[in-house]
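Dear colleague,

Please find the structure below, handed over for your records. I would be grateful if you could keep it open while reading the notes beneath it.

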Amino acid sequence: MANPKAPAHKELKPEELRWKCDPKIFEFESTEDIEPIEGILGQERALKSIRLGVDLRSPGYNIYIAGLSGSGKATTIKKTLEKITTRCPELYDYAYVNNFKDPDQPMLLKFPKGRAKEFKQDLQTAIEILKQRIPLTLESDLYLTRKKNLIDEYNQKEQELMNAFDSELRKKGFSLGQIKVGDVIRPDILPLIDGNPVPIFQIEELVNQNKLSKEQAQEIFKKYQDNQQDLQLLFKKGLKISQVFQEKLQQLERDSAEVNVKGIFEGLKEKYGSNLVLNFLSQVEENILSNLQIFKGAKPSGDTTQQGVEIDYFSDYDINIILDNSETEECPVIIETNPTYVNLFGTIERVSDGHGGWYSDYTNIKAGSLLKANGGYLVLNVLHLFEEPGVWKTLKRVLTYNKLEIQESPFLFSISSTSLKPQPIDIDTKLILIGSQIIYSYLSEREYDFKKMFKVKADFDYEINRTEHNIQEYAKVIKKLIKEENLLEFDKSAIAYMMEISAIFAGRQDKLTTRFSRIADVMREASFWAKDDGQKIVSDFHVQKAYRMAKDRHGMLESKITEMYKDELILIDTKGERVGQINGLAVYNADFYSFGRPMRITATVSLGSGAIINVEREAGMSGRHYNKGVLIISGYFRETFGQDMPLSFNANLVFEQSYGMVEGDSASCTEIFALLSVLSNLPLKQSIAVTGSLNQKGDVQPIGGVNEKIEGFYDICKLQGLTGTQGVIFPIQNIRDLMLKEEVIDAVKRGVFHLYPISRVEEGIEILTGVKAGKKTAKAYEVGSVFYLVEKRIKELYEKSRRIRTQNNNQQKKKINNA
């Protein structure tokens, strides 16, 4: 009995294969007649999120902007921030100063905007005034008179002490005198010989000259030693008198200079009334009064470095302004393109001492962009934060505590870090990260506090609906780029073709891409080719040429793979029929575009227990989605053919000549058809390729890359010779995605290439075999149909399997009985 023929399948009309933009919908003749768009197109949801994050200055309301590259994220945030820069919290200046009590912990001073520079100038002026006034004060007649009185008083007390000691010594036959030891003259006790003082070391000489007896000399030595303790006491009393004199002299200097110092600093304290500034000025005031010798010009010894550079002793009174907002008129917006540790957080620079050592002080503290944007906005690319060591970890710490501690980068020096620990700075910077959805998902999952720090997410869409309004606005986007980059104007035929390219990039007839960077590349090249042709306006011809040349420029991979088909290194049939063999479709991703190519898929069956073996999975060459598709095939067979008997077969599915990773479930329809063919022993048309996903109920589901797959199979069919029977089966839901190239559309019009949208497995197997799929009645499937033949083969395999099991059981029983 002949197999029932499959019903005729309705093919697509040519107008369904591509959306064509009619230039007549535009009222203008060229972009010269329209104005550029003011805002950004198609990102209303993202804009609302950005406005919320920008305006709401509460802890944690930092912004993460997610979307595909080229969708206008950076441009949008820049434009948005420019509009709100007038609405900004109060800005401050920040400066580090010397902490005279603990130089390792520099003090932070915070000033209203513009006051730090003024304070620095006022303090420098005060120091310069004191450098002039203090020496004059200490040279005045009043000061010199008081100083002379102190000196006279000291000399008198010292002389009285010496005279009293000398009187006591003379009673004992000694006197107080001075001797020279080397270059040093010091007081000493001198014996009186015949009323004349003689140094103790000359006593031996007098004995030798018989002017003294040995007994007399010994007596002198003994008394000399006895009086040495009194001499030491004299020294102590003299030193105490000297110390008191020095203290009085220093106090005199301090009292004399204090009038000037206090007078000047009182004025500064009245002008700058914050507690931190008052504390610092008090420290400066005390330090000046304690180091008047510097102001007198009496520099300490060793007042040059080892390299001979003069030491500036007044640098301790300098002000290191690390953030000056005196000229900042708008809210600070910083787009940091190189967020290294130093650029982002600042650092403490090191200065070489010329001998291999390094030193730092508060003047070496430098600010980073995080502080420069304080009170404003800092925009960062999230990927860059992970390219630099330590940046992400430190940034999280700053956002957690809202405090910035400036330290040197721990990655710049292999030697130990500086001991400086500047006071932390309160940070009120609104952080805006730009990145992809994948990175956002990863950080949300792995960083438990990420969503606390970035409470606002702005999702940038990669496509918009193709409406009349959006098409007109899209033309204004094109005009904006023309104006910004000084390109040639586009006529409306060029604009219409740009709309079609936008739909191609979006992968849908009813969508337009918002990845404007890709559109801009085509526009720049179209303008180039128009200029190259000597034209003053871009037409659709130039846009088509630009798109074609761009694909050709990036098409080496496609050419190499096509060459392998031509040389029959990759085996594929586009004619004839074969059992258990079918053409699937795969997509290759190149750098500028994607392209499709057919792949041979084969299936084999044998006796077994219903297992469908995925060779790619067993070889470790398949992804999770592909593995899931194979498991769905098993469910479909159990649902369709395994209700009345077990599936007593094993099947092998193979992507022939596939040596890379296979991913996606778009081949599940193809594999179903290959299995149905090998079980029914019905050959499949090799002139038809298949793509489509499947569920367990036999419904065909949409897939991605339908245009690339159809065009890819057409190219190979053209390479091997078009027969008029070739075509592609694909899911019916993908009709709205069709944006095929003109060559394929023309082939469909001429009837030499065919497209078959399907919604069920039955439709596909009928097209491939020409045999009716068959509907199940109360007893069985329609005789001669595909499903009838499949079920029949499964029954045969089941019966054969049962006979083999029975035979094996009988043999086993026989062996047991014989035993």
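The following paragraphs describe two sheets and the helices that lie across them.

Please bear in mind that this is a predicted model.

The first sheet is open and consists of seven strands with mixed pairing, in the order E25-E26-E24-E23-E28-E31-E32. Its edges are formed by strand E25 (612-614) and strand E32 (754-758); each has a single partner strand, so one side of each is left without a neighbour in the sheet. From one strand to the next, the twist averages 30 degrees. Within this sheet, strand E23 (residues 581-589) and strand E24 (residues 594-607) run antiparallel and are joined by nine bridges. Asn 589 has Ser 594 of E24 as its bridge partner.

Two helices may be noted here. Helix H21 (residues 624-641) lies across E25 and strand E26 (649-655), and runs at about 170 degrees to E25. Helix H26 (residues 786-818) lies across E24 and E26, at about 40 degrees to E24.

The second sheet is also open: three strands pair antiparallel in the order E3-E2-E7. Strand E3 (107-112) and strand E7 (319-323) each have a single partner strand, and therefore one side of each lacks a neighbour in the sheet. Neighbouring strands here are turned by 30 degrees against each other on average, direction ignored. Strand E2 (residues 92-97) is joined to E7 by four bridges, and the two run antiparallel; Tyr 94 has Leu 323 of E7 as its bridge partner. Helix H7 (residues 275-290) lies across E2, E3 and E7, running at about 130 degrees to E3.

With kind regards

How values were computed: Residues are numbered from 1 along each chain as its sequence is written. This is a predicted model: local features need pLDDT of at least 70, side-chain atom pairs count only at pLDDT 80 or more; totals for chains, interfaces and linings use all residues. Side-chain values use heavy atoms; hydrogens and water are left out. Two strands pair if DSSP finds at least two bridges between them. Axes are lines fitted to C-alpha atoms, for helices over the stretch in contact, and angles run from 0 to 180 degrees between N-to-C directions. Contact means heavy atoms within 4.5 Å.
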